[in-house]
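Below is a short briefing on one loop residue and one helix. The sequence and structure come first.

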Amino acid sequence: MTRAPRRRKTTRRWLLFGAAAVVVVAAGILGLQVFGAVTALTAARSQAHTLEGQLRDGDLAGARATTLRLRDSAARAERRTGGPLWWAAARLPVVGPTFGAVRTAARSLDLVARDAVPAANRVGAAVEQGALAPRRGAVTLPLLRLLAPPVHRAAAALDTADAALAAVEPRDLLGPVQGTFAHLQAQVATARGAADAVDTSLQVLPGMLGADGPRTWLLLVQNNAEIRATGGMAGSWAV
């Protein structure tokens with residue numbers, strides 16, 4: 001009569017011990033994932049800042065090297081924030097929204113690094129090499145058409161990333177993450193606006209510049225010192 005209760009107690013202890021061990025191991029693995037994700041995201045943020053400066057300064061070789069490092073960091077962050085443990089952590093009370101936001105940030109950054117950054121490098125190279133400057137009164141239209149597909153992909157990637165990031169409310173996140181996430185939202189939104197503008201320009205410019213046949217344009221320069229319904233008086237013009 002006494003052996004059965006003892007066996008049950010022993011079994012219960014082992015089950016509790018096993019469950020506790022699983023929780024400890026899971027917490028340890030999740031902690032490693034968090035550390036790896038934070039490290040990768042921090043590196044990606046620094047590399048993105050470096051890349052921006054290199055493109056602005058025309059350092060094309062440096063930009064290509066930084067792009068490779070950025071893509072690697074973004075991919076590592078995306079991998080670190082995946083899997084069942086992170087999925088479960090994102091559904092915990094209090095800390096769950098922060099885990100979910102970090103996952104969203106990692107996926108968005110990986111998408112931008114893969115689809116948008118290479119296009120920025122190509123456009124930057126074309127501008128730096130003077131390929132888009134008029135020569136003998138004409139613009140190289142084949143180059144504009146060549147740049148259009150990668151820029152369109154970049155704009156689509158940034159649209160997707162911007163929508164995903166905008167769906168997260170930074171005030172719902174833990175304090176240390178709020179400012180960083182809000183800054184990322186602003187950066188991606190700005191980049192999306194610029195990419196959309198370039199994408200639209202590359203879709204419209206070839207036709208405007210005569211790709212489908214000769215085009216003649218009348219340019220009116222208005223002076224807003226004398227207001228008219230169109231914004232001002234057309235003081236000078238050119239064909």
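Which residues in α7 are buried? They are Phe181, Leu184, Gln185, Val188, Ala195, Asp199, Leu202, Pro206 and Gly207, where buried means under 20% relative accessible area with a 1.4 Å probe, protein chains only. This is a predicted model, in which local features need pLDDT of at least 70, side-chain atom pairs count only at pLDDT 80 or more, and totals for chains, interfaces and linings use all residues. Residues are numbered from 1 along each chain as its sequence is written, and side-chain values use heavy atoms, with hydrogens and water left out.

**Helix α7**
- Helix α7 covers residues 175-208, 34 in number; helices are DSSP runs of H or I with at least four residues, numbered from the N terminus.
- From first C-alpha to last, α7 reaches 50 Å, close to the 50 Å expected at 1.5 Å a residue; the expected span is 1.5 Å times one less than the number of residues.
- At leucine 202, α7 bends by about 25 degrees, and proline 206 follows within four residues; the bend is the angle between axes fitted to the seven residues ending there and the seven starting there.
- The buried residues of α7 pack against α4 (96-115) and α6 (141-166).
- Glycine 210, with a positive phi near 100 degrees, follows α7.

**Threonine 81**
- Threonine 81 sits in the loop between α2 (60-80) and α3 (84-89).
- Threonine 81 counts as buried because its relative accessibility is 1%.
- A polar atom of the threonine 81 side chain lies 3.0 Å from the backbone oxygen of alanine 77.
- The threonine 81 side chain also reaches the backbone oxygen of glutamate 78, at 3.2 Å.
- Leaving aside residues up to four places away in sequence, threonine 81 touches Ala37, Trp86, Val102, Arg103 and Ala106 (heavy atoms within 4.5 Å).

Conventions: Helices (H or I, at least four residues) and strands (E, at least two) are DSSP runs, numbered from the N terminus. Buried means under 20% relative accessible area, exposed over 50%, partly exposed in between (1.4 Å probe, protein chains only). A polar contact is a pair of N or O atoms within 3.5 Å; within protein, one must be able to donate a hydrogen and the other to accept it, and residues adjacent in sequence count only if both atoms are side-chain atoms.
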